[in-house]
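Let's take a walk through this model together, beginning with a small piece of sheet and working outwards. Have the viewer open as you read.

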Amino acid sequence: MLLKAALSSRTLPSHSLRCLPAAHEVSGWGLQLHPHHVRQMINGRLFQIRTMSEAQAASTPGRLFDKSEFSQTLTLKALKVQAKQCQGLMKSFAGYTLNKPRTRCIVSDEGSSTTRLLLLTDEVIDTDQLPQHLVDMIQAEDLAVTDYTLQIGYDQLSAEDIIRKIVPEDVREVPHAFESVGHIAHLNLKNELLPYKHIIGQVILDKNPSIKTVINKVGNIENEYRVFQMDVIAGKPVLETEVKQHSARFKLDYSQVYWNSRLETEHKRLVDSFRPGEVVLDVMAGIGPFAIPAAQRGCTVLANDLNPNSFKYLEQNIKLNKVSSKVTAFNMDARDFIRQQCSPSPDGAQPQDRTDAEPAQPSGAADASPHPALAAAFDHAIMNLPASAIEFLDAFHGAFNSRAHLEEQLPLVHCYCFQRKDESHADVQRRVETALGGTLDGNLSIHDVRLVAPNKKMLCLTFRIPAVVAFAKTLPPKESVATTGKPFLEDKSVNAADSDVSQHSKRQRT
């Protein structure tokens, strides 16, 4: 006996297969087929799919669908208004007028040269549904209410409207927004939408002329370079692009480097807090979303990233934005970079008692602009690696040269992290103090950046490195400060009475 496709009452594009759950699943295609054949409704008739190749053809990337199937006729409520009243009434009825792509809410009134029709949204079945002040306005202005028939199709429907007509009715959430990275649209489709990913991608292309490539995220970011696997579901498989943020331009390959357009506001907020002439360490710089704007603001920036591809694009973006005289790029481990810049030797080498790593080399960009010398002291350190930046704070412990920094204020650290739903700010502070190996004593401000997920918030933690941490003589403790109940280095014979630390602490307080 033939299995009949489980069809909804809506008209379906020929791309869509909906089969009974009892049918067998075709691995890799998100389809379910009877061992012999399945019937599918297309354009009002039934046909049989007997082979695997026919089933796969129905889900082939780039397969066109019949846009005429989205044509529909709407019967709208319309207000007959004087031509000179149009603009004023459009403002008064804002939110209740027709709002669809490539359509106008003001149309001509056949048979009259002095009046127009103001079309209301298709959600208004009767004008009595309108707010009372609008009902009163209709009566006061003596506006006639009439029906208007509007024929709309694929071009007049939003991407969300079209996708809802494609996917099963029991799918509650459909993509209505996406992250835009240059010409690339980034989607995070749920498993139930994967069988429709190619047609969803095509709809996104059709409705967004600036988008040329649509990708779907596959899996989570689980590697040290902060990149994720992606699937090109529509458009050209070209993942190198260019983005703009405020006055800066950034080239990147989205498949090789980390980029998050949603952090644009945070990039500006932090950079705006810097003063021209300050020295900034960007410890996990990526392709430069903090480093380049900071240099444009007049700061000297030492920018580092472990990912060789991020380093490559960072160097390109330094040239692209003409800030080579302000930014030096490094490609090294974050801990080694921090320790080298906290206490560099005259030739830029790392102090021998801190690491066995080779000294970092600056980018050596090929243009004629000179690179800044390595800083003996810096004002800010940015650590934008929310998943694990706190773990790198131990690099500051005892890393500073007391003679070099005695006359200088110790730097501010801007450390990004994730806060779990069950964590308080006090819990986050304890994590920071554990990694630092010393207490902050109230020297911490916390800025909420964005809600990443219902149970996950991104924070920016800003604090000045305590002198007792900066000039410590021993390694950070393994157990938490909060656990022991005692601040680290309580032994006065070791470090707390050190004259350099005491003098520096007094200078910071003044």
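Start with one facing pair: V181 stands opposite I184 in β11. Keep in mind that this is a predicted model.

**A hairpin and its sheet**

Next to that pair, S180 stands opposite A185 in β11. The two strands involved, β10 and β11, make a hairpin with two residues between them. G182 sits in the turn, and its phi is positive, at about 60°. Three bridges hold β10 to strand β11 (residues 184-187), and the two run antiparallel. On the β12 side things go the other way: β11 and β12 run parallel, joined by four bridges. Here A185 turns up again, standing opposite V214 in β12.

Zoom out and you get an open sheet of four strands, ordered β10-β11-β12-β13, with mixed pairing. The edges belong to β10 (179-181) and β13 (229-235); each has a single partner strand, so one side of each has no neighbour in the sheet. From one strand to the next, the twist averages 30°.

Which way do the β11 side chains point? I184 and H186 point one way, A185 and L187 the other, and all are buried. Helix α5 (residues 197-207) lies across β11, β12 (213-218) and β13, and it runs at about 60° to β13.

**Two nonpolar cores**

Which residues have the most contacts inside the largest nonpolar core? They are L79, F93, L130, I200 and V214, in a core of 48 residues. Leaving aside neighbours within four places in sequence, I200 is in contact with I163, P175, L187, L189 and L193. Apart from this core lies another, of 41 residues, with V283, I338, A389 and I465 among them. As background, nonpolar side chains tend to be buried together in soluble globular proteins.

**V432 in its helix**

Further along the chain, V432 is found in helix α11 (residues 425-436). Is V432 buried or exposed? Its relative accessible area is 0%, and the cut-off for buried is under 20%, so V432 counts as buried. Not counting residues up to four places away in sequence, V432 touches I390, L393, L440, L461 and F463. C417 is 15 residues from V432 in sequence, and their C-alpha atoms are 10.0 Å apart.

**Aromatic pairs**

There are six aromatic pairs in the count. Why is the pair of F70 and Y154 edge-to-face? The ring centres are 5.6 Å apart and the planes stand at 65°; edge-to-face takes an angle over 60 degrees, so F70 and Y154 qualify. This pair links distant parts of the chain, 84 residues apart: F70 is in the loop between α1 (52-57) and β6 (72-82), and Y154 in the loop between β9 (144-152) and α4 (159-166). Elsewhere, ring pairs link F378, F396 and F400 into a cluster.

Here are three of the buried residues met so far:

| Residue | Relative accessible area |
|---|---|
| F70 | 3% |
| Y154 | 4% |
| V432 | 0% |

**The whole protein**

Stepping back, the protein has 15 helices and 22 strands. Of its 510 residues, 47% are buried. About 25,700 Å² is exposed, with carbon and sulfur atoms supplying 48% of it. Among contacts between residues at least 6 apart in sequence, 67% join residues at least 24 apart.

Technical notes: Residues numbered from 1 in each chain as written. Predicted model: local features only at pLDDT ≥ 70, side-chain atom pairs only at ≥ 80, totals over all residues. Heavy atoms only, no water. Buried < 20%, exposed > 50% of the residue type's maximum accessible area, 1.4 Å probe, protein only. Contact = heavy atoms within 4.5 Å. Core = buried A, V, L, I, M, F, W, Y, C linked by side-chain atoms within 4.5 Å. Areas by Shrake-Rupley, 256 points an atom, 1.4 Å probe, with all protein chains shown as cover. Pairing = 2+ DSSP bridges. Axes fitted to C-alpha atoms, helices over the stretch in contact; angles between N-to-C directions. Phe/Tyr/Trp six-rings, centres within 6.5 Å; stacked < 30°, edge-to-face > 60°.
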